[in-house]
Amino acid sequence: HGVSLALDGERYSNPNRAAWLSKLSTVHEVLLRALGFKSLDPGNCWDGSMFTFATCCSGGEDQETCWHAGYSEERCCKPLAAPELGSREAVAAAVNQLVEGSCNAPD
């Protein structure tokens, strides 16, 4: 997971990592909505802060903390699986969205 560099046993992470993961999740959400997904919470799993589609199903790194007390990837993420996102058109759309702001640091 992730971009990190180990020096003398210490781990150094890319300071923009969280921002880029957020940007990737946003693009993922936009593409799902373009495919007709109305809700990104079909399993009624997200609390809107700690547990969200972005952190648990998309680009988030907190997936291991998401699945507890009846919540599972099967229930919360699988209904949002979209093989169409692997199409050439979808990949091109994602790249275009990411490139638009690539010269600037992400928010």
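Q: How many aromatic pairs does a search of the whole structure find?
A: The model examined here is predicted. A search of the whole structure finds a single aromatic pair, so the number asked for is 1.

Q: Is the pair formed by the rings of W46 and W67 stacked, edge-to-face or tilted?
A: The ring centres of W46 and W67 are 6.4 Å apart, and the ring planes stand at 50 degrees. Planes under 30 degrees apart count as stacked and those over 60 as edge-to-face. The angle of 50 degrees fits neither class, so the pair is tilted.

Q: How many residues apart in sequence are the parts that the pair of W46 and W67 ties together?
A: W46 lies in the loop between α1 (17–34) and α2 (53–56). W67 lies in the loop between α3 (63–66) and α4 (73–76). The pair therefore ties together parts whose separation in sequence is 21 residues.

Q: Which relative accessible area does W67 have, and does it count as buried or partly exposed?
A: Buried means under 20% relative accessible area, and exposed means over 50%. W46, at 15% relative accessibility, counts as buried. W67 has a relative accessible area of 26%, so W67 is partly exposed.

Q: Which residues have the most contacts inside the largest nonpolar core?
A: The largest nonpolar core has 13 residues. W46, a buried residue at 15% relative accessibility, is one of those with the most contacts inside this core. The full set with the most contacts is W46, F53, C56 and C57.

Q: With which residues is C57 in contact, leaving aside its neighbours within four places in sequence?
A: C57 is among the residues with the most contacts inside the largest nonpolar core. Its contacts include W46 and W67, the two residues whose rings form the tilted pair. With neighbours within four places left aside, the list is W46, T52, Q63, W67, C76 and C77.

Q: How far apart in space are Q63 and E73, C-alpha to C-alpha?
A: Q63 is placed in helix α3 and is partly exposed, with a relative accessible area of 29%. Residues up to four places away not counted, Q63 touches T55, C56, C57 and S58. Q63 and E73 are 10 residues apart in sequence, and their C-alpha distance is 8.7 Å.

Q: What pattern does the chain follow when read along the sequence?
A: The chain has 5 helices and 2 strands. Read along the sequence, these elements give the pattern β-β-α-α-α-α-α.

Q: What share of the residues in the chain is buried?
A: The chain has 107 residues. A residue counts as buried under 20% relative accessible area. Buried residues make up 27%.

Q: What share of the area that the chain exposes do carbon and sulfur atoms supply?
A: The chain exposes about 7,200 Å². Of this area, carbon and sulfur atoms supply 53%.

Q: Which residues make a nonpolar surface patch of about 230 Å²?
A: One member of the patch is V95, which is placed in helix α5 (residues 88–100). V95 is partly exposed, with a relative accessible area of 41%. The residues that make the patch are V91, V95 and V99.

Q: How far apart in space are A94 and V30, C-alpha to C-alpha?
A: A94 lies in helix α5 and is buried, with a relative accessible area of 15%. Leaving aside its neighbours within four places in sequence, A94 is in contact with V27 and L31. A94 and V30 are 64 residues apart in sequence, while their C-alpha separation in space is 8.9 Å.

Q: With which residues is R33 in contact, leaving aside its neighbours within four places in sequence?
A: R33 is placed in helix α1. It is partly exposed, with a relative accessible area of 44%. Apart from neighbours within four places in sequence, R33 is in contact with K38, S39 and L40.

Q: What is the phi of N44?
A: N44 is found in the loop between α1 and α2 and is exposed, with a relative accessible area of 60%. N44 is not a glycine, yet its phi is positive, at about 55 degrees.

Q: What value is the phi of A69 near?
A: A69 lies in the loop between α3 and α4. At 72% relative accessibility, A69 counts as exposed. A69 is a residue other than glycine with a positive phi, near 45 degrees.

Methods:
Residues numbered from 1 in each chain as written. Predicted model: local features only at pLDDT ≥ 70, side-chain atom pairs only at ≥ 80, totals over all residues. Heavy atoms only, no water. Helix = DSSP H or I, 4+ residues; strand = E, 2+ residues; numbered from the N terminus. Buried < 20%, exposed > 50% of the residue type's maximum accessible area, 1.4 Å probe, protein only. Areas by Shrake-Rupley, 256 points an atom, 1.4 Å probe, with all protein chains shown as cover. Phe/Tyr/Trp six-rings, centres within 6.5 Å; stacked < 30°, edge-to-face > 60°. Patch = residues over 30% accessible without salt bridge, like charges linked within 9 Å, V, L, I, M, F, W, Y side chains within 5 Å. Salt bridge = Lys/Arg side-chain N within 4 Å of Asp/Glu carboxyl O. Core = buried A, V, L, I, M, F, W, Y, C linked by side-chain atoms within 4.5 Å. Contact = heavy atoms within 4.5 Å.
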